[in-house]
Every structure is written in C-alpha cells, then in structure tokens.
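User: I am new to this structure and would like to understand how it is put together. Please take me through it step by step.

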Amino acid sequence: MAAASWAIKVSVVGEQKMHCRGCERTIEFALARLPGVHKVKADQKSQTVEIVSAPGEIDLTEIRRELEWIGYRVEVI
C-alpha cells in the first residue's frame, strides 16, 4: 500500500518573480534538497510552486525559509 501524500501550494509574491525556466529549476532544486520533500513543481506562468511530501515530513516554515534565502517571498494558496 502506498503512503499518503501531502501537498502544499504557494504563490510567489513581492518584487522577485519567476521569469524563466531557470528560475523554476532553481526553486525546484532548492526545495527538493529539503528532508521529506518528494516532488516539487514550479510554474513561472502562474507564479506557483507545488511541494509534495508525506504528511508531517516538512512544514511551511522550512519552505518559506529556503525560498526567502534564494530571493522569493511566498504565500500559501
């Protein structure tokens, strides 16, 4: 039986936006390195990032801290 997944979706806000595939890859790489993250999908067109993990393996504080470190502010949507 497969383990349940938990997903969180955030929107990039503020002055720094994703503007190319390189921005998407930077975000995906940074978040994929966090313990407990199974999948990350960044989308420059919608300015959203979806992060998938098992329930309780990662929290929003860690996600925000990592994204702020690389220059992005986010809000949960």
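User: In what order do the four strands of the open sheet lie?

Analyst: The model is a predicted one. Its four strands form an open sheet with antiparallel pairing. β2 and β4 (73–76) each have a single partner strand and stand at the edges, so one side of each is left without a neighbour in the sheet. From one strand to the next the twist averages 25°. The order is β2-β3-β1-β4.

User: How many bridges join strand β1 to β3?

Analyst: Strand β1 covers residues 6–13 and runs antiparallel to β3. One pair of bridge partners is serine 11 and threonine 48, the latter in β3. The number of bridges joining β1 to β3 is six.

User: Within what arc do the buried residues of α1 fall?

Analyst: Helix α1 has twelve residues, 21–32, and reaches 16 Å from its first C-alpha to its last, close to the 16 Å expected. Its buried residues are Cys23, Glu24, Ile27, Glu28, Ala30 and Leu31. Seen down the helix axis, these buried residues line one face of α1, because they fall within an arc of 165°.

User: Which elements do the buried residues of α1 pack against?

Analyst: Helix α1 lies across β2 and β3, and runs at about 165° to β2. The contacts of its buried residues also include a helix, α2 (60–69). The elements they pack against are β2, β3 and α2.

User: Across which strands does α2 lie?

Analyst: The direction of α2 is at about 155° to that of β4. β4 is one of the edge strands of the sheet. The strands that α2 lies across are β1, β3 and β4.

User: Is serine 53 buried or exposed?

Analyst: Serine 53 is found in strand β3, which spans residues 48–53. Leaving aside residues up to four places away in sequence, serine 53 touches Ala4, Ser5, Trp6, Gly36, Val37, His38 and Ile58. Because its relative accessibility is 0%, serine 53 counts as buried.

User: What is the phi of glutamine 47 near?

Analyst: Glutamine 47 lies in the loop between β2 (37–43) and β3. This residue is buried, with a relative accessible area of 13%, under the 20% cut-off. Most residues other than glycine have a negative phi. Glutamine 47, a residue other than glycine, has a positive phi, near 60°.

Technical notes. Residues numbered from 1 in each chain as written. Predicted model: local features only at pLDDT ≥ 70, side-chain atom pairs only at ≥ 80, totals over all residues. Heavy atoms only, no water. Helix = DSSP H or I, 4+ residues; strand = E, 2+ residues; numbered from the N terminus. Buried < 20%, exposed > 50% of the residue type's maximum accessible area, 1.4 Å probe, protein only. Contact = heavy atoms within 4.5 Å. Expected span 1.5 Å × (residues − 1). Arc of directions from axis to C-beta. Pairing = 2+ DSSP bridges. Axes fitted to C-alpha atoms, helices over the stretch in contact; angles between N-to-C directions.
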